[in-house]
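Here's a quick briefing on how one strand sits in its sheet and what the nonpolar packing looks like. Have the model open as you read.

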Amino acid sequence: MEEKNYSIDPVTEELARKAEKEGVETLWDRKKAMKTPCGFGEQGLCCRICAMGPCRISPTEGKGAQRGICGATADVIVARNLARMIAGGLATHSDHGRDIAHVLHMASRDGNYKITDEKKLLNLAAEWKIQTENRDIYDIAHEVAEVALNEFGKPFGALKLLERAPEQRKQVWEKNQIIPGAIDKEIVTIMHSTHIGCCANAEDLIYKGMKGSLADGWGGSMIGTELSDILFGVPVPRETEANLGVLEEDQVNIIVHGHEPSLSEMIVLAVEDPELLQLAKEVGAKGINLAGMCCTSNEVTMRHGIKIAGNFAQQELAIITGAVEAVIVDVQCIFPALAPLAKCYHTKFITTSPKAKITGATHIEFEEEKALASAKQIVKEAILNFKNRNKEKVFIPQAKSPAMVGYSVEAIKNQLDRVVNSNIDEIGTLKPLADCIVSGVLRGAAGIVGCNNPKIKHDYGHIELMKELIKNDIIIVTTGCAAQAAAKAGLMSKEARKFAGKGLERVCELVDIPPVLHMGSCVDISRILLLVSELAQLLQVDMSALPVVGAAPEWMSEKAVSIGTYVVTSGIDTWLGVVPPVTGSATVVDLLTNKAEDIVGAKFYVEPDPRKAAQQMIERIEEKREALGL
Ligand code: BF8
Ligand code: SF4
């Protein structure tokens, strides 16, 4: 059968061929069937905000409709659409953060959810001026959860976690009046301002988007990360394996897919339950093999080393192996296509969240009040499905790669302590990293994040970019589906330092790290913000002055739009490998890719070719070094 050429990952290619042979479709087939995308939509020029429309603005100036029926210009329509994408992403990350806060609020000594990291809890309590002396740790946790929940709807004041940013950055935000208040309020304000007949000023809409995005990165996402660490533990370095080759022929294979660790943490416990293990034996399996997909995978691999089955574009392929008893999902990035696809195999596709019911799936609601019992019931369904596996349809590709994961900011500091002379220097800081950057051993750092998108060859955008950058002594931190691409490509093994330039190779050797560091899920980009923020404070400069860049080479979601915007608004230049739907407005394009630099000290670059993007990033890093006198 011919090469598919969908992916640089041979496992993906092999399974795409199996799909074709078995007559089932994947995202790539549907992408082909979609033919040419709508040009208006692609440029952001279609407005369906009110029922006088939909209105489509002609992309050619002076020809065709230049204004919507209400009189909105191309600039306004494009900016409104973009602001709404940001609100969508901000809502999604933040609702995840809120759910985790509720879980913390219900945590108890004898319940299913417990406090795992007291130190992180006490630090956050101190930061929020919550009384900790002579108090039960669970009382403190509940008050921390309440304060966190208030961040979503408080009527007055700025978001608390913004305080963590360097002074210079806070001044930039203040000067531009983009300091967000309550998280929900920012979403509501964007939805309000983008209603028919409200805000009709493109520049102002972009400012609103920037302000809202900060409520994601420094708000909802950061709350999600902080409280997940308190509940489930701060990640530490550990070994795992990545790609669909982690599935086991003779075991019950379960895939957890989605985002919130409140479900997956309980599944991790449930698969170790002796009664369920016994049941697995009774149905003829040697054990239960748990693997993850998308950000849920990142959450459980960071904290337990659970194997990584694959990233976003591989979710259908997991079912196509014919070896998966259940795909258990909660929220976000789940293809509705999994429902009809699962019916072509024996796989049970189980939805668990009232927020994400999917027609054709089996819905077993995950009730947090009886979390472990719920998780066990779901795992039991998977085990009982083992007998339905059709051996003739099973094909598990052999390829998988070893990877080191678990590099939280705390873990990175811990690794850096290896090179600190504790008689002279303080331990537990990022100073050794700052020193490497100042001396030029490392030229800089890049955060490479985001999704898969069939507009780009699967994983090609991520891996080419990473390889080019590490070759040039730029250390990489990564999250989301980009991180999984790196793990599969072997860039997260310690041996991968041989692909790095001399300087980075040496650092990896001394600090005992791979050149590409897994920092978690997409909400964990908040970890990257804090890493950059601390580095900036150590060097006493603004975040925008650092030789640090960001990229989302294969982005596709609204969440990614919000992330890109808060990264830029935090002063970090960001490269996109997929063109966002804004090209219908020269004003908006100019704001994002040019004027943003005057406003927030950073801007967007769009470059689909990862090698060219790498060169631009290297140049930018060198410019920043020069400006700092390095
Ligand atoms: O939040 S990187 S495809 S899984 S959106 Fe989704 Fe994109 Fe993957 Fe996680 Ni993030
Ligand atoms: Fe058309 Fe204006 Fe309504 Fe949009 S808001 S659909 S541009 S009339």
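E11, helix H18 (residues 460-471) and E12 form a right-handed β-α-β unit; right-handed means that, with the strands pointing away from you, the path from the first strand over the helix to the second runs clockwise. Helices (H or I, at least four residues) and strands (E, at least two) are DSSP runs, numbered from the N terminus. This is a predicted model, where local features need pLDDT of at least 70, side-chain atom pairs count only at pLDDT 80 or more, and totals for chains, interfaces and linings use all residues. Residues are numbered from 1 along each chain as its sequence is written, and side-chain values use heavy atoms, leaving out hydrogens and water.

**Strand E12 and its partners**
- Strands pair if DSSP finds at least two bridges between them.
- E12 runs parallel to strand E11 (residues 444-448), with five bridges joining them; Ala445 has Ile475 as its bridge partner.
- Strand E13 (residues 516-520) is also parallel to E12, through four bridges, and Val477 is partnered there by Leu517.

**How enclosed E12 is**
- Six of the six residues of E12 (residues 474-479) are buried (under 20% relative accessible area, 1.4 Å probe, protein chains only), so the strand is largely enclosed by the rest of the structure.
- In a regular strand, side chains alternate between the two faces of the sheet.
- Here both faces are covered: Ile474, Ile476 and Thr478 are buried on one side, and Ile475, Val477 and Thr479 on the other.

**Nonpolar packing**
- The largest nonpolar core (buried Ala, Val, Leu, Ile, Met, Phe, Trp, Tyr and Cys residues joined through side-chain atoms within 4.5 Å) has 181 residues, and Val144, Trp218, Leu227, Ile267 and Leu469 touch the most other members.
- Helix H4 (residues 74-106) gives this core its largest share, 15 residues.
- Another core, of 40 residues, lies apart from it and includes Ile334, Ala337, Leu341 and Cys481.

Technical notes. Chains are lettered from A and ligands numbered from 1 in the order in which they are written. Buried means under 20% relative accessible area, exposed over 50%, partly exposed in between (1.4 Å probe, protein chains only).
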